[in-house]
Amino acid sequence: MILVFNIFKFIGIFMAVIMGMITVFMMLIIISKIEVNIKKFHISKINNINKNVNKKINNNGNNNWKNRRTFLKISLKIGKFQWLWINLDESKLAKIQEKLKEQEEKNKQIKEKVNREIKNDLKLIIKNKKLRKELKDIKPQLKLFKANIQISTKDYIITSYLVAIISIVISNIVPHLVNEKQNRASKEIIKNINYKINPIYINQNYYDIRLSMIIDVSIFKILKFLIALVKRSKKISKTV
């Protein structure tokens, strides 16, 4: 009997320790910020561009991105202390992309359902003032943003308009993502946040996007917004 009692006692203590560790781990996640660090991301569409045009493209600053290695790091931080992270290089990202494509083909119905739910959630956010406020309060912080974007279309006028629209969109979003400390330090902004959007007039559809970026966001604020969204969705589903 004493042996059985001791075994149950040991199991109880072991389970209590495991539950305690899980609780601490969950608390650490909730109070952390998630940081996404993208280095030298590159995507382009080039079709039979001649040498002169290629030289023109490289002269617009893309030579600075030579010998690039795309790299993605996702980490959890408390203050400046980084306690959990995952590194993904180019080969790992390619494998993930292949798996996602395979899953996409297998689960088309699930994808359609998810897309419908996302559309419904977006409509709900747009209509609901409280949800819009919760979303605004998330306030992700942009620590680094360096981009070189080059665009061409078959119509020179459309190319010019596209460049103008992209420039306006980026210049309107970026100031809202820069924190107050960076705003005061103009030298830090010049060093860490700069981008070029260049029109390439080559009479064909072409784009080349090169990007390095570091952005972080509070997990607590994300959870707060998601809880508010779920509650609102449940209220609507009950009334329908």
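**Exercise 1.** In which sense do strand S1 and strand S2 pair, and over how many bridges?

*Solution.* Begin by locating the two elements in this predicted model: strand S1 covers residues 33–45, while strand S2 covers residues 71–78. Their pairing is antiparallel and runs over seven bridges. As a point to look for along this pairing, asparagine 37 of the one strand is found opposite lysine 73 in S2.

**Exercise 2.** Find the pairing of S1 with strand S6, and name the residue in S6 that stands opposite isoleucine 38.

*Solution.* Strand S6 spans residues 206–218, and with S1 it forms an antiparallel pairing over 11 bridges. Within S6, the residue that stands opposite isoleucine 38 is methionine 213.

**Exercise 3.** Decide whether threonine 153 is buried or exposed, and describe its surroundings.

*Solution.* First, place the residue: threonine 153 belongs to the loop that links strand S4 (141–152) to helix H6 (156–177). Next, apply the cut-off, which calls a residue buried under 20% relative accessible area; threonine 153 has 12%, and therefore counts as buried. Then turn to its polar partners: its side chain reaches the backbone oxygen of aspartate 155 at 2.6 Å, and a polar contact of 2.7 Å joins it to the side chain of threonine 159. Finally, beyond its neighbours within four places in sequence, the contacts of threonine 153 include Leu162, Asn203 and Gln204.

**Exercise 4.** Identify the residue that caps the N-terminal end of helix H5, and the residue with positive phi that follows the helix.

*Solution.* Helix H5 (residues 129–137) is capped at its N-terminal end by asparagine 128, which has a side-chain oxygen 3.0 Å from the backbone nitrogen of lysine 130. After H5 comes lysine 139, with a positive phi near 45°.

Key
Residues numbered from 1 in each chain as written. Predicted model: local features only at pLDDT ≥ 70, side-chain atom pairs only at ≥ 80, totals over all residues. Heavy atoms only, no water. Pairing = 2+ DSSP bridges. Helix = DSSP H or I, 4+ residues; strand = E, 2+ residues; numbered from the N terminus. Buried < 20%, exposed > 50% of the residue type's maximum accessible area, 1.4 Å probe, protein only. Polar contact = N/O pair within 3.5 Å; in protein donor to acceptor, adjacent residues only side chain to side chain. Contact = heavy atoms within 4.5 Å.
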